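Subject: Handing over a structure, with notes

Dear colleague,

I am passing this structure on to you, and since it will be new to you I have added some notes to read beside it. Please open it first and keep it in view while you read.

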Amino acid sequence: MRRVAGGAGNGYIAAIEVRALATQHPGLSDPRQPRRRFRRIPVRTLAPNVITLLALCAGLTAIRMAFENRYVLALAAIVFAAILDGIDGRLARFLKGTSRFGAELDSLSDFVNFGVAPALILYFWGLHELKSAGWIAAMVFAICGALRLARFNVMIDDPDRPAWTANFFVGMPAPAGAITVLLPIYAAFLGMPRSGFLVWLTLFYTLAIAWLMVSRLPVFSGKRVGTRVPPEMVGPITVVVVLSIALLIAYPWILLTAGTLAYLVSLPFGWLSYRRYEQRWREGRAEAAPATATPPASVAAGMIHPAENDDRPSRLN
């Protein structure tokens with residue numbers, strides 16, 4: 001009986017000592033409890049992140065190629081990174097593998113691929129001839145790319161945005177800005193002499209594209225285009241995609257120059273489309289306003305009237 005009682009007493013004392021150690025050292029766990037295992041990550045969430053990392057490798061390789069004066073490969077790496085950037089998001093939504101980690105990784109990758117890499121390519125290609133002025137232009141473009149991505153991340157979490165605004169970007173997106181800002185190099189490969197005038201024109205052109213990236217200009221996003229394809233259009237679309245890839249490989253500078261100019265020309269049409277959406281949205285709100293119940297006088301006294309609210313400045317994001 002004494003042996004049993006002593007064993008029970010020792011077990012009780014051991015439990016008290018374990019609890020005391022856990023209180024003094026929160027990092028320690030009870031050795032008698034099973035070790036907690038981390039939840040396994042589905043493979044569908046890893047595939048988009050792998051593509052994002054491949055795009056990041058392409059952007060870093062573009063910086064190396066520019067440093068070695070191999071601009072053909074540098075531009076090819078930027079275009080390849082832009083293609084991968086358009087694939088990873090759609091793949092994540094298709095596989096239902098979106099995650100907060102993937103969104104942050106994509107933003108950091110985009111800053112390197114479409115902010116830092118194009119700026120350094122332009123600097124090594126011709127802006128270095130302008131010394132400090134050329135370096136300032138390259139830095140401004142990279143900084144505007146960071147600001148553009150930061151604003152995009154903030155706007156995603158804004159619950160006050162109407163649903164139709166998802167059809168538009170606010171400012172030129174970073175991948176389009178990277179492809180567009182390299183237009184002087186495309187022109188040089190097409191035969192335009194790289195003179196002092198072209199270098200100065202590249203400086204002002206770089207600053208203009210940087211301004212478009214951080215501006216409030218509505219730009220058509222195209223994210224909702226191609227989500228559903230009619231069965232009769234599968235064949236023609238496949239032929240167009242294959243033909244576009246073949247033309248890009250055979251005539252890269254002509255296709256990139258034509259695509260860049262067409263994109264710049266399309267910017268005003270995106271602004272007009274945004275204004276039409278906005279006008280219809282305001283008309284819908286005006287028609288729905290009389291149908292709502294009139295609030296009591298005590299509540300209406302503390303409310304802001306629509307006329308006063310329209311005069312307030314819009315939010316930064």
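The notes below cover the core, one buried polar residue, the salt bridges, the cysteines and a surface patch.

Please bear in mind that this is a predicted model, in which local features need pLDDT of at least 70 and side-chain atom pairs count only at pLDDT 80 or more, whereas totals for chains, interfaces and linings use all residues. Residues are numbered from 1 along each chain as its sequence is written, and side-chain values use heavy atoms, with hydrogens and water left out.

I begin with the interior. The largest nonpolar core, meaning a set of buried Ala, Val, Leu, Ile, Met, Phe, Trp, Tyr and Cys residues joined through side-chain atoms within 4.5 Å, has 55 residues, and those with the most contacts inside it are Ile-121, Leu-182 and Tyr-186. At least two residues of this core come from each of several helices, among them helix 2 (43-67), helix 4 (100-125), helix 5 (132-156) and helix 10, while helix 3 gives the largest share, nine residues. Helices here are DSSP runs of H or I with at least four residues, numbered from the N terminus. Setting aside residues up to four places away in sequence, Tyr-186 touches Leu-75, Ile-179, Trp-253, Leu-256, Thr-257 and Thr-260, where contact means heavy atoms within 4.5 Å.

A polar residue also deserves a look. Asn-49 lies in helix 2 and counts as buried because its relative accessibility is 12%; the classes are buried under 20% relative accessible area, exposed over 50% and partly exposed in between, with a 1.4 Å probe and protein chains only. Apart from its neighbours within four places in sequence, Asn-49 is in contact with Phe-101, Gly-102 and Leu-105.

Turning to charged side chains, a salt bridge is a side-chain nitrogen of Lys or Arg within 4 Å of a carboxyl oxygen of Asp or Glu, and by this rule the count comes to four. One of them joins Glu-104 and Arg-100 at 3.1 Å, N to O; these two residues are four apart in helix 4, so about one helical turn separates them. Within that pair, Glu-104 is partly exposed at 34% relative accessibility, whereas Arg-100 is exposed at 56%. Another salt bridge, at 3.5 Å from N to O, brings together Arg-194 and Glu-129, and this pair links distant parts of the chain, 65 residues apart, with Arg-194 in the loop between helix 7 and helix 8 and Glu-129 in the loop between helix 4 and helix 5. Arg-64, Glu-68 and Arg-70 are joined into one network by salt bridges that share partners, and in the bridge between Arg-64 and Glu-68 the closest N and O atoms are 3.0 Å apart.

How many disulfides are there, taking a disulfide as a pair of cysteine sulfur atoms within 2.5 Å? The count comes to zero. Cys-57 is partly exposed, at 46% relative accessibility, while Cys-144 is buried, at 11%.

Finally, on the surface, Leu-190, Leu-243, Leu-247, Tyr-251, Ile-254 and Leu-255 form a nonpolar patch with about 560 Å² of accessible area together. Such a patch is made of residues with over 30% relative accessible area and no salt bridge, nonpolar side chains (Val, Leu, Ile, Met, Phe, Trp, Tyr) being joined within 5 Å and like charges within 9 Å; the areas come from the Shrake-Rupley method with a 1.4 Å probe, and for residues only the protein chains shown count as cover. Helix 9 (234-250) and helix 10 (252-288) are the elements that give two or more residues to the patch, and Tyr-251 lies in the loop between them.

With best wishes

Methods. A disulfide is a pair of cysteine sulfur atoms within 2.5 Å.
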